[in-house]
Amino acid sequence: MENGDRKNPQVVLILSGKRKSGKDHVASKLLIKFGEEIAAIIRLSGPLKSEYAKSHNLDYETLLSPATYKEDHRADMILFGEKKRQEDSSYWCRLATDMPWIASKKIWIVSDARRITDLEYFRRFPHVITIRVVADEETRNKRGYRFEAGIDDSESECGLDQVTDWDYVLQNNSRDKIEIEIDKLIAFVDEKADSVGDADVS
């Protein structure tokens, strides 16, 4: 979908983070705060999982969940996605955004950016805010994280580790404090939108 003269999105929030850092949880909280009337979550892994499920006769809805079922197929899905990405680096980004209901939303919340090419794709839109979701290893372990060779040392998990110029870093070590952190992020987004003048996130 070409940007052209479209009014939306007004703001694109790009979330990135390690496995079990809580990216999906943060994205869901942001959607609640902004409201589904003006915001939508874009999961870049969505179309990948859909195509993978179809080609392997698997349950797509379960692949979308944080269940063990998804983890059992993660390594194969990474290879499946990489093959298509090598042919066209923006393939999955285009599929994830090429939907009329997404184009109607002012705020796009990209929940799972993993590569420099993901950032490059969305930076063609006028107002982009990059957010790194951070959780320490102890917290991630409590959420079920265990290092897996071939997954946690692959580009899908490490492709943005060297990026240092995030617009915002959100600490997600405590569920008790996440609402406070989300409110701080919302205030930051509002301030950024006001500073550029022509972005409307209300």
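Let me start with one pair of residues: in strand β3, the bridge partner of Ile-41 is Ile-109. Before I go on, please keep in mind that what we are looking at is a predicted model.

That pair belongs to a longer stretch of pairing, since β2 is joined by four bridges to strand β3, residues 107-110, and these two strands run parallel. Another match along the same two strands is Ala-40, which stands opposite Trp-108 in β3. If we ask how well β2 is covered, we find that both of its faces are, with Ala-39 and Ile-41 buried on one side and Ala-40 and Ile-42 buried on the other. The description of β3 reads in a similar way: Ile-107 and Ile-109 lie on one side, Trp-108 and Val-110 lie on the other, and all of these are buried.

Now let me step back to the whole sheet. It is an open sheet of five strands, in the order β2-β3-β1-β4-β5, and the pairing is parallel. At the edges we have β2, residues 39-42, and β5, residues 168-171, each of which pairs on one side only. From one strand to the next, the twist averages 25°.

Going through the remaining pairings, β1 and β3 are paired in the parallel sense over four bridges, while β1 and β4 are paired, again in the parallel sense, over six bridges. On the far side of β4, four bridges join that strand to β5, and the two run parallel; there, Val-133 stands opposite Leu-170 in β5. As for how β4 is covered, six of its seven residues are buried, and the strand can be called mostly covered.

I would like to spend a moment on one residue of β1, namely Ile-14, which sits in the strand that spans residues 11-17. Which residues stand opposite Ile-14 in β3 and in β4? In β3 the residue opposite Ile-14 is Val-110, and in β4 the residue opposite Ile-14 is Thr-130. Is Ile-14 buried or exposed? Ile-14 has a relative accessible area of 0%, and because buried means under 20%, Ile-14 counts as buried. Leaving aside residues up to four places away in sequence, Ile-14 touches Val-110, Ala-113, Leu-119, Phe-122, Val-128, Ile-129, Thr-130 and Ile-131. Of those, Phe-122 deserves a separate word, as Ile-14 and Phe-122 are 108 residues apart in sequence and yet 8.2 Å apart in space, taken from C-alpha to C-alpha.

Turning to the helices, I will concentrate on α1. This helix has 12 residues and reaches 16 Å from its first C-alpha to its last, close to the 16 Å expected at 1.5 Å a residue. Its buried residues are Lys-23, Val-26, Ala-27, Leu-30, Leu-31 and Phe-34. Viewed down the axis of α1, these buried residues fall within an arc of 140°, so they line one face of the helix. Just after α1 comes Gly-35, which takes a positive phi of about 95°.

Two other residues have a positive phi without being glycine, and I want to set them side by side. Lys-20 has a phi near 65°, and this residue is found in the loop between β1 and α1. Asn-57 has a phi near 55°, and its place is in the loop between α2, residues 45-56, and α3, residues 60-64. Where do they stand in terms of exposure? Lys-20, with a relative accessible area of 22%, is partly exposed. Asn-57 has 72% relative accessibility, and because exposed means over 50%, Asn-57 counts as exposed.

Let me finish with the protein as a whole. Its secondary structure comes to 10 helices and five strands, and buried residues make up 50% of its 202 residues. Among contacts with a separation of 6 or more, 77% are between residues 24 or more positions apart. The accessible surface comes to about 10400 Å², and 49% of that belongs to carbon and sulfur atoms.

Definitions and conventions
Residues are numbered from 1 along each chain as its sequence is written. This is a predicted model: local features need pLDDT of at least 70, side-chain atom pairs count only at pLDDT 80 or more; totals for chains, interfaces and linings use all residues. Side-chain values use heavy atoms; hydrogens and water are left out. Buried means under 20% relative accessible area, exposed over 50%, partly exposed in between (1.4 Å probe, protein chains only). Contact means heavy atoms within 4.5 Å. Accessible areas come from the Shrake-Rupley method with a 1.4 Å probe; for residues, only the protein chains shown count as cover. Two strands pair if DSSP finds at least two bridges between them. Axes are lines fitted to C-alpha atoms, for helices over the stretch in contact, and angles run from 0 to 180 degrees between N-to-C directions. The expected span of a helix is 1.5 Å times one less than its number of residues. The arc is that of the directions from the helix axis to the C-beta atoms.
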